[in-house]
Amino acid sequence: MESATKSTGSLVDLAMEALARLLDLLPGTEGVDWSHHWAARWRSGPLGGVLVPLGHLDQIELTDLLGIDDQKAELVANTEQFVHGFPANNALLWGARGTGKSSLVHALLNRYATDGLRLVEVDKEALVDVATIVARLDSEPYRFVLICDDLSFEADDASYKALKSALEGSVFTQSENVVVYATSNRRHLLPEHMSDNTSARHVEGELHEAEAVEEKISLSDRFGLWLSFYPFRQDGYLRVARHWFERLAADQRIAACWDESTRQDALRWALARGVRSGRTAYHFARQRIGAAALARSVDGARSP
């Protein structure tokens, strides 16, 4: 009798453990309170997906983004149209790394969140769920930007086909409160090879691209707005470095002065990393101001 009781207890424990594991696989049903959360991430699972609220957001402002005035103006205009319920385009932000593509989208959220703008981060692997995500957001009284960051695909990538179909198909024609902003280092989102052009041909004096090339540009063509981002020139890089240096110094209440020595250090910092970009400038400023703040703290602790 005692043995049978123990056996029953073990089966119950196993059943409870199996149930707990199954519940971990099921999509959540709690949803996101968009009145309290400005952004969320779509998390895919084997049996569905769930929107997970993001608690800590980038506090960057549009005024922090220097050297990309034209790109900023175009995306601001497109976003204002979208937020106010007027026609707007999906946007592809492509170009050199560290030039402010992702930061621009987050700065737009900070500017227009009080007007009802919300952000949903979607990883490349989750793009197959884009129709589900749009359907989940359709009844919400907010305007949503699906941000697909740092996109690049292989030709046979399933998520490439899913995004391509969604952008041109019925998914977005039936939804007025969702647009896609994607960032990429590649203009056409797919790797391009010399062999792609070997099948190009002339027909009645006109050059017709090979089918491989046409396929590769077909996805980027579905974005109504293309914004190109280029590597910074030296003066542009220094302008950004000085901005963040002085901004972080003020935040930390550090009496730091941008002088010729600091300027030369900023140039050496970029040279060591092989790139002049807004991200490189920001990292330089964080290192310098962080070191100054630490030195002040140590000196304060040593003072009697």
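## A buried lysine without a partner

Lys72 is buried but forms no salt bridge: Asp69, the nearest side chain of opposite charge, sits 4.1 Å away. That separation misses the mark because a salt bridge calls for a side-chain nitrogen of Lys or Arg within 4 Å of a carboxyl oxygen of Asp or Glu. Please keep in mind as you look at this site that the model is predicted.

Where does Lys72 lie? Its home is helix H2, which covers residues 69-83. Setting aside neighbours within four places in sequence, Lys72 is in contact with three leucines, namely Leu62, Leu65 and Leu104.

## The chain as a whole

Let's step back to the full chain. The protein chain has 304 residues, and 41% of them are buried. Its secondary structure consists of 10 helices and 9 strands.

How much of the contact network joins residues at least 24 apart? Counting contacts between residues at least 6 apart in sequence, the share is 75%. As for the surface, the accessible area of the protein chain is about 17400 Å², and carbon and sulfur atoms account for 51% of that.

## Two helices that pack together

Two packed helices are described by the angle between their axes and the distance between the axes. For helix H8 (residues 234-252) and helix H9 (residues 260-273), the angle is about 115° and the axes are 10 Å apart. The crossing of H8 and H9 is right-handed.

Which residues meet here? On the H8 side they are Gln234, Tyr237, Leu238, Ala241 and Phe245. Facing them from H9 are Thr262, Arg263, Ala266, Leu267, Trp269 and Ala270.

Key. Residues are numbered from 1 along each chain as its sequence is written. This is a predicted model: local features need pLDDT of at least 70, side-chain atom pairs count only at pLDDT 80 or more; totals for chains, interfaces and linings use all residues. Side-chain values use heavy atoms; hydrogens and water are left out. Helices (H or I, at least four residues) and strands (E, at least two) are DSSP runs, numbered from the N terminus. Buried means under 20% relative accessible area, exposed over 50%, partly exposed in between (1.4 Å probe, protein chains only). Lys and Arg count as positive and Asp and Glu as negative; His and the chain ends are not counted. Contact means heavy atoms within 4.5 Å. Accessible areas come from the Shrake-Rupley method with a 1.4 Å probe; for residues, only the protein chains shown count as cover. Axes are lines fitted to C-alpha atoms, for helices over the stretch in contact, and angles run from 0 to 180 degrees between N-to-C directions. A crossing is left-handed if the near helix is turned anticlockwise from the far one by less than a right angle, and right-handed if clockwise.
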